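Please find below a colleague's note on the structure, set out as numbered points. The note may be read alongside the sequence and the coordinates.

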Amino acid sequence: MKLQERGSDYELMMASHIATIAVKDEVIKYLKKMNIEYRVINRANLDIANFDWADLVLPIGGDGTFLLASNLIFDSKKPIIGINSFPERSEGFLLLPPKYTKRIPEIFEMLKAGHYNVLMRRRIRTTIIGDDIWNPPFHAHEKGRVTGCEKFYTEDVKKGAPNLPKERRLPWLALNEVFIAEILSARTSALLIKVDDEPDYRLVKSSGICVSTGTGSTSWYKSINSVNPQIVHEILNLVNKKGQFSNEEIDKICSTFNESLQVNADELKICYSIRDMIVTNIWPVPKTMQTRGFCNKLIVRSQCYDAGLVVDGGIAVPFNFGTTAVLETHPEDSLRSFTLPA
């Protein structure tokens with residue numbers, strides 16, 4: 001009743017839960033049949049030791065579950081393969097095709113026979129430099145709640161050790177994106193940005209910057225940059241006021257452009273997108289600074305007062321005035337993802 005009162009779809013939530021339990025039970029049943037040792041964990045009992053122990057990580061759920069699991073894999077050697085437990089309501093872009101949800105034995109038979117492909121999904125490595133860079137992480141959607149301190153902190157940080165270094169490589173690798181902005185979304189984010197080996201920073205005021213991988217180019221990056229029929233129709237009317245364009249033509253333009261935003265998951269380059277860049281007569285676009293583009297390395301220095309650097313929409317660290325982040329990709333940070341035929 002409480003869930004329904006707040007507007008949640010209780011029936012859908014229950015259906016998703018039941019479907020996930022059913023898939024989990026089917027996976028366990030087959031693992032027992034194959035005499036394979038396994039451990040079942042969930043968000044309540046996450047422990048890095050389980051990921052270190054495993055030869056294969058198998059998230060069951062949706063893309064969010066896959067992202068959470070990938071954040072606890074820290075090298076390119078441990079494979080991961082995800083099952084979409086409720087394809088009726090989950091796109092499951094990172095997961096196996098929906099047909100495998102009902103064909104669990106086939107997944108393990110194909111893996112055992114070696115009939116799978118390996119997709120090395122590039123991930124973003126983040127190094128932060130400055131003062132107060134060892135402050136506790138928080139959850140992006142609930143700033144007051146610490147995200148599993150016993151799982152994510154180092155012993156030095158937990159003990160409040162003095163003389164911590166001024167440079168810190170974050171342990172979490174972003175499979176989709178790193179987003180940097182003021183925590184309060186209505187507040188302007190002021191960021192100094194340097195692309196690749198540019199000599200100077202450029203000050204940009206916006207709603208934040210989203211730095212994506214090829215995997216993430218189909219997610220938030222695409223949502224930020226996609227065009228819709230209304231925009232295309234208005235632009236075409238400005239170019240040719242007498243022109244008559246059918247809905248089919250406009251839809252074709254939209255779909256062609258939006259599909260062009262996608263980047264291969266194994267692409268080493270990263271793509272950035274500046275959200276709602278402020279442009280006025282007093283505050284013009286910084287010279288040669290595009291609102292989106294590709295690079296090998298991006299350096300961002302905070303001019304914010306209450307900002308966060310968020311990895312894959314979940315784990316976040318404070319990113320306030322003077323703190324610098326270096327974002328780049330390295331082959332050894334890739335995620336070894338197993339794929340099966342569609």
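The points below concern a predicted model and take up its pocket, its cores, one helix and two loop residues.

1. The largest pocket. The volume of the largest pocket is about 1200 Å³. Its lining comprises 35 residues, and those closest to the centre of the pocket are Arg39, Val57, Leu58, Pro59 and Ile60.

2. Make-up of the lining. Sorted by class, the residues lining the largest pocket are 23 nonpolar, six polar and six charged. Four helices, α2 (10-33), α3 (48-53), α4 (63-70) and α5 (104-113), each contribute at least two residues to this lining. The most is given by α2, which supplies seven residues.

3. Nonpolar cores. The largest nonpolar core consists of 32 residues, and the residues with the most contacts inside it are Ile180, Ile193, Ile209, Tyr272, Leu298 and Leu309. Separate from this is a second core of 16 residues, with Val27, Tyr30, Ile83 and Tyr100 among them.

4. Length of helix α10. Does the span of α10 (residues 247-260) agree or disagree with the value expected for a helix of 14 residues? At 1.5 Å a residue, the helix should span 20 Å, and its end C-alpha atoms are 20 Å apart, so the two values agree.

5. The two sides of helix α10. Which residues of α10 are buried? They are Ile250, Cys254 and Asn258. Viewed down the helix axis, the buried residues of α10 fall within an arc of 60°, and therefore line one face of the helix. An α-helix has 3.6 residues a turn, so residues three or four places apart point the same way. On the face of α10 turned away from the buried side lie the exposed residues Glu248, Lys252, Glu259 and Ser260.

6. Asparagine 35. This residue belongs to the loop between α2 and α3. Its phi is near 60°, a positive value in a residue other than glycine. Is asparagine 35 buried or exposed? Its relative accessible area is 71%, so asparagine 35 counts as exposed, the cut-off being over 50%.

7. Aspartate 312. A positive phi, near 55°, also occurs at aspartate 312, again a residue other than glycine. Aspartate 312 sits in the loop between β15 (307-311) and β16 (315-318). With a relative accessibility of 9%, aspartate 312 is classed as buried, because the cut-off for burial is under 20%. The two loop residues with positive phi described here thus carry opposite labels: asparagine 35 is exposed, whereas aspartate 312 is buried.

Note on methods
Residues numbered from 1 in each chain as written. Predicted model: local features only at pLDDT ≥ 70, side-chain atom pairs only at ≥ 80, totals over all residues. Heavy atoms only, no water. 1 Å grid on protein atoms, 1.4 Å probe; cavity = no way out; pocket = protein on both sides within 12 Å on 5 of 7 lines; lining within 4 Å. Points joined across faces, edges and corners; volume = space filled by probe spheres on them. Nonpolar A, V, L, I, M, F, W, Y, C, P; charged D, E, K, R; others polar. Buried < 20%, exposed > 50% of the residue type's maximum accessible area, 1.4 Å probe, protein only. Core = buried A, V, L, I, M, F, W, Y, C linked by side-chain atoms within 4.5 Å. Expected span 1.5 Å × (residues − 1). Arc of directions from axis to C-beta.
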